[in-house]
Amino acid sequence: MSHRKSMTGVSCLRLLQGAAIALFGLLASCQRPTQRLPPAPIFEMREGEAPAAVHDENALTPLLRDNGGTASIADFERFAGIRRIYFERNRADLTDEARGTLDRQAEWLRQHPDVRASLHGHADALGTREYQIALGEKRAAAMKFYLTAHGVSAERLSITSFGKQRPAALGLDDASQKLNRRGETVLIGVPGASGN
Amino acid sequence: MTAPAKRAIMGFLLIGAVPAAGQGPLHVDITQGIASPLLIAIPDVASGPIPDVAASGDTGIALSQIVRADLLSTGLYRPVAVDGRLSAEQEVAFAPFAKAGAQALVVGRARSVGSGLLAYDCTLYDVFGARAETSQRIVVSSAQWRRAAHKCADMVFAFTTGDPGHFDTRLMFVAEEGQPPDQHARLVSTDYDGANATELTQGRELVAMPRFARNGRRIVFLSYADPQPKLVLADLGSGQVTPLTLPKGVPSAARFSPDGGTIVFSLAREGDADIYAIDLASGSLRQLTDTAGADTSPSYAPDGKSIVFESDRSGEQQLYVMAADGSGQKRISFGGGGYASPAWSPRDDLIAFTHVEGGRLRIGVMKPDGSRQRIITDGSHDEDPSWAISGRAIAFQRTGGGASLPAIWITDLTGKAQHQVRTDGPASDPSWSGTRP
């Protein structure tokens, strides 16, 4: 525990970035040529360059109501950068950006084998209600599949779906609905963790 | 005692006996959802104030107004106005109504019958025949005075259309408040017109997809008391709440069978959603679909022998019909765009659905074989159709453009008679009950 706490955000991030770049290279070769990169990436990573800093505002302002700044949640968020990933409309496959985030989450979860996580799939308000529950579950299942393929045991991961029942943003405009097509990794049994 | 009054049956809450369908002059002819409206006069009938009735002013006039609003909301009647009002004791003079062109005349006479009870004598007259066609004495507790008017409108509707009226019914919906991430959702039920709201849950947990059993006494809904949602069965009489014991996965889209003994729902597991049925008495579970993709939104035919559902097995959301045991799955929707959230009409003649096209959601109806599809709403975001017990109206959720606050609307089957249900704040995902006990 004390070891974990001593890993400040900066040192943690450096360690991770090496691994992330290696993985990114691997994943890039699997990438379908037609797939567009999603706009506003959370991390900017270019091979051969020094990794850029986290510049997603959500990473700086944790989305969890982090009462009292408990170390483990803060640690997870610093390490993984963000606990949310985003999906394309009506899709459950992972974008490159989402894979990058999940790589870091998997790394952190491998280092903390005592922590379990609930994977929450959400969907936008543009689809029909009952279908969006199934879509959210499919998204959470894709997250689970990816994390288990990257060394996190399946027993530690549960999946659930909120469909469009718990939006991150209410407007029917595109910008709001982009925020709703999301998957969230919620730590279980960690001080400061709260469900959503 | 008048002859019609003698024919009426007395009871405590309401008086039963749905009259036989009229085949005489007072029949509303409805073909493919297009009706020739019946010309109807529903004059104010004064009674004076009645004790314990929470209406301001004259109780009889307030009741007349409710009967009028009920019947005119259907698009099946055209109002004929006649000057002046009647009083409860007055004999009906047909001449002014005949002169104004009314074919039908509805007169409701209200009076107190003591100890907190209200009696409402509701009579439907054939104006040209100058005679009473049908009549009921409706007795309700004064606190439930509005139900007397709804029962009266139900009687007129049933006599003139041959279908049960949908006015003495309840609507249940999800009331959402607050902004993310501090949104609260409560289950609320109201009369079909938004009056007499009751909070069924208090907003401590996220709730979704409430559905009535046909008798209106039991409900099922999705509850997120913890992140793993559960289907919860509740008895509105006893208040007893029972979570259903289901296999691992995310359940949703629950609906009762017409006899109330089975709940059919979708269960999503590892990225695949299939339809299951659970027998409520035994708890035994049966998987009805097993194709890859999202199978959801099952809805029983009124005879309980068939189920319509949606599936994206073809690549986009389309409607399928199967036998109640899952056999004989057959696609029925073939138009452009996607088809979702089907609901089988209690009249068995139509299936309502949400049409998905270009980011736009609208309500439509088709025959159970998929033919004669019609889109009947014109909003940008109309979804979640739920049938009235009459099979002559559909409640749905409409979300406007910018403001984006959902509301419950009711439409007739032509789409010409639409109105918003007055609710206290945003409301979504309606379920419309059958006839109240």
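# Exercises on a predicted two-chain model

The contact between the chains takes 28 residues from chain A and 36 residues from chain B. The model is predicted. Work through the exercises with the structure open.

## Exercise 1. The chain A side of the contact

Find which element of chain A gives the most to the side that touches chain B, and sort the residues of that side by character.

Solution.
- Step 1. List the elements that give two or more residues. They are strand 2 (116-122), helix 6 (129-149) and strand 3 (157-163) of chain A.
- Step 2. Pick the main contributor. Helix 6 of chain A gives the most, with 10 residues.
- Step 3. Sort the side of chain A that touches chain B. It divides into 13 nonpolar, 10 polar and 5 charged residues.

## Exercise 2. Strand 8 of chain B and its partners

Trace the pairing of strand 8 of chain B with strand 7 and with strand 9, and state how well strand 8 is covered.

Solution.
- Step 1. Start with strand 7 (residues 104-112) of chain B. Its pairing with strand 8 is antiparallel and runs over 9 bridges. Gly108(B) stands opposite Cys122(B) of strand 8.
- Step 2. Look at the connection. Strands 7 and 8 of chain B form a hairpin with 4 residues between them. Gly114(B), in that turn, has a positive phi of about 85 degrees.
- Step 3. Move to strand 9 (residues 131-141) of chain B. It pairs with strand 8 in the antiparallel sense over 10 bridges. Thr123(B) has Ser135(B) of strand 9 as its bridge partner.
- Step 4. Check the second turn. Strands 8 and 9 of chain B also form a hairpin with 4 residues between them. Here Ala130(B) has a positive phi of about 50 degrees.
- Step 5. Judge the cover. Strand 8 (residues 117-126) of chain B is mostly covered, with 8 of its 10 residues buried.

## Exercise 3. An open sheet in chain B

Give the strand order of the open sheet formed by 4 strands of chain B, and explain which strands stand at its edges.

Solution.
- Step 1. Read the order: 21-22-23-24 in chain B, with antiparallel pairing.
- Step 2. Find the edges. Strand 21 (295-300) and strand 24 (330-331) of chain B each have a single partner strand, so one side of each is left without a neighbour in the sheet.
- Step 3. Inspect one pair. Strand 21 and strand 22 (residues 306-311) of chain B share 4 bridges in the antiparallel sense. Glu310(B), in strand 22, is the bridge partner of Thr296(B).

## Exercise 4. Two helices that cross

Classify the crossing of helix 2 and helix 4 of chain B, then describe the residues in their contact.

Solution.
- Step 1. Take the geometry. The axes of helix 2 (residues 59-72) and helix 4 (residues 145-161) of chain B come within 9 Å and cross at roughly 45 degrees.
- Step 2. Classify the angle. The two helices of chain B are therefore oblique to each other.
- Step 3. Assign the hand. Helix 2 of chain B passes helix 4 of chain B in a right-handed crossing.
- Step 4. Name contributors. Helix 2 of chain B offers residues including Leu63(B), Ile66(B) and Val67(B). Helix 4 of chain B offers residues including Trp145(B), Ala149(B) and Phe157(B).
- Step 5. Sort the contact. Its residues divide into 11 nonpolar, 2 polar and 2 charged.

## Exercise 5. The setting of Tyr224(B)

Place Tyr224(B) in its strand and decide whether it is buried, exposed or partly exposed.

Solution.
- Step 1. Locate Tyr224(B). It lies in strand 14 (residues 218-224) of chain B.
- Step 2. Apply the count. Tyr224(B) has 19 other C-beta atoms within 10 Å. A buried residue needs 20 or more. Tyr224(B) is therefore partly exposed.
- Step 3. List its contacts beyond four places in sequence. They are Glu205(B), Leu206(B) and Pro229(B).

Notes
Residues are numbered from 1 along each chain as its sequence is written. Chains are lettered from A and ligands numbered from 1 in the order in which they are written. This is a predicted model: local features need pLDDT of at least 70, side-chain atom pairs count only at pLDDT 80 or more; totals for chains, interfaces and linings use all residues. Two strands pair if DSSP finds at least two bridges between them. A residue is buried if 20 or more other C-beta atoms lie within 10 Å of its own, exposed if 12 or fewer, and partly exposed in between; C-beta atoms are placed from the backbone. Axes are lines fitted to C-alpha atoms, for helices over the stretch in contact, and angles run from 0 to 180 degrees between N-to-C directions. Angles under 35 degrees count as roughly parallel, over 145 as roughly antiparallel, 65 to 115 as roughly perpendicular and the rest as oblique. A crossing is left-handed if the near helix is turned anticlockwise from the far one by less than a right angle, and right-handed if clockwise. Two residues are in contact if their C-beta atoms, placed from the backbone, lie within 7 Å. Ala, Val, Leu, Ile, Met, Phe, Trp, Tyr, Cys and Pro count as nonpolar, Asp, Glu, Lys and Arg as charged, and the others, Gly among them, as polar.
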